[in-house]
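These are my notebook entries on a structure that I had not looked at before. I record here what I looked up, entry by entry.

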Amino acid sequence: MNDIELLQEAARLAVEYVAGADARPATPTAAEVDALTAFDEPLPEAPTDPADALRLLNDVAGPATMVTTGPNYYGFVNGATYPVALGAAFLVNAWDQNAALPVMSPAAAKLHDVASAWLLDVLGLPEHSDVGFVTGATVANASCLAAGRDELLARAGWDSKSGGLFGAPPITVIVGQNVHSTLRKSLGLIGLGSDRVVMVPTDDQGRMIASELPADLSGPILVCAQAGEVNTGAFDPFDEIADWLAATTDNGWLHVDGAFGLWALADPTRSQLVAGLDRSDSWATDGHKWLNVTYDCGIAIVAREGALHRTFSSVAGYLPPEDGFEAMHHTPQSSQRARQVEVWAVLRSLGRSGVAQLVQQTSVAAQLIGARLSDAGFDVLNDIVINQVLVRYGSAERTGRLLEEIQRDGRIWCGATQWRGETAMRVSVSSWKTTPADATRAVEVIMECADRLA
Ligand SMILES: *Cc1c(COP(=O)(O)O)cnc(C)c1O
């Protein structure tokens, strides 16, 4: 096989995988997973046939994948992949562009500008915001929070970029009780401390209770709110939080973790749910969850012009003078993949109404699943406001056994979570492929598994 034949073969195998995904169960069989031991071989001492490496990937690793790109995977909040996103990824990888600087890739730079503008447009966020494409929401949160940290400290007369945090004026960091675990990791990463936070109590949906925001605070305050609680999909009361912050300090920053929930902004029928969300200083979201692009794609959006640049710019003798938007000076990484190309491709093909439709169709499927399970005697624990369904089947213990049975069955996949300290089952509809018919079938699988338990 020559180089070109090798690539044609890889493309053929990739397309064959995608074509077969809908008909496959969500989970590989135990035998398919066991077969991964084929990779337990010593490092070859000398070159081997590259076609052989691809064959091994296709024959052994492919069958042992979780079929997240089909309609039957409801685990975590893992999205699938639109064909146009995968196709764009093929091209981006073929181009081998380093998107760090416009001088390294005019194409990536142009698509950054267009994708960023379209994103802000479809989400209704301030059009002057800076947008950075990073690896995921964890890093997007960290990037936004680092920019917020540096802005708050600059206003307090401290240059944290050069001086670090030792000796800096303290920042009060506020999170809700239901903050995502990775947001606290992001806080730790940027030196603010994962546990050095003021925890605001939350209601039965996991929303911050605004009246419980602390009184008598002063000085720099960084509030981390949430659009889309990871179990319930609930949205914090953004207007009340923004009002509280403005009344409490003249040195505040409001950040929103909207890893998946931020996309609700694109759906005009959910304007009440997202009220006030656009009043924040920064927002983090994922492309690889609800927008259904490939891994790894997170998006950091900062309304305050220049804040990302202050935090992430770097200086070296060989760097050219600034020229347009320079990704390496607005994100933690320097060299980077042109993640914006897939985001552009999805927005270009879905259009404004298509993104709204994606939010609606997955949310409708979630509602259908919740209603059917409720009819069947399950306890639906959340108000299904977007794509998340949180349920229990009798006791937490019985719910755990049901989840084991569903995962053993393998036709669909959904997982356990802890809700108010006890096991619950979370069904997340994040794949663009999941139709109402698929959702109905998922409920049937869950019911069959429940019957088998009895
Ligand atoms: C998934 C998620 C994250 C982390 O996102 P990654 O893309 O996995 O880094 C953060 N916050 C919330 C609410 C999430 O759902």
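Entry on terms. I call a residue buried if its relative accessible area is under 20%, exposed if it is over 50%, and partly exposed in between, with a 1.4 Å probe and only protein chains counted. The model is predicted, so I note that local features need pLDDT of at least 70 and side-chain atom pairs pLDDT 80 or more, while totals for chains, interfaces and linings use all residues. Residues are numbered from 1 along each chain as its sequence is written, and side-chain values use heavy atoms, without hydrogens and water.

Entry on the cysteines. I looked up disulfides, taken as pairs of cysteine sulfur atoms within 2.5 Å, and the count is zero. Cysteine 414 is in no disulfide, and the nearest cysteine sulfur, in cysteine 449, is 8.8 Å away. Why is there no bond from cysteine 449 to cysteine 414? Their sulfurs are too far apart for one. Cysteine 414 is buried, at 0% relative accessible area, and cysteine 449 is buried at 0% as well.

Entry on the ligand. I found 13 residues around the ligand, each with a heavy atom within 4 Å of it. Thr138, Asp257, Asp286, His288 and Lys289 come nearest. By residue class, the shell divides into four nonpolar, six polar and three charged residues.

Entry on polar contacts. I looked up pairs of N or O atoms within 3.5 Å. A polar side-chain atom of aspartate 257 lies 2.7 Å from a ligand nitrogen. Histidine 288 places a polar side-chain atom 2.8 Å from a ligand oxygen, and for lysine 289 the distance from such an atom to an oxygen of the ligand is 2.8 Å. Taken alone, the ligand exposes 380 Å², of which the protein buries 85%, by the Shrake-Rupley method with a 1.4 Å probe.

Conventions:
Polar contact = N/O pair within 3.5 Å; in protein donor to acceptor, adjacent residues only side chain to side chain. Nonpolar A, V, L, I, M, F, W, Y, C, P; charged D, E, K, R; others polar.
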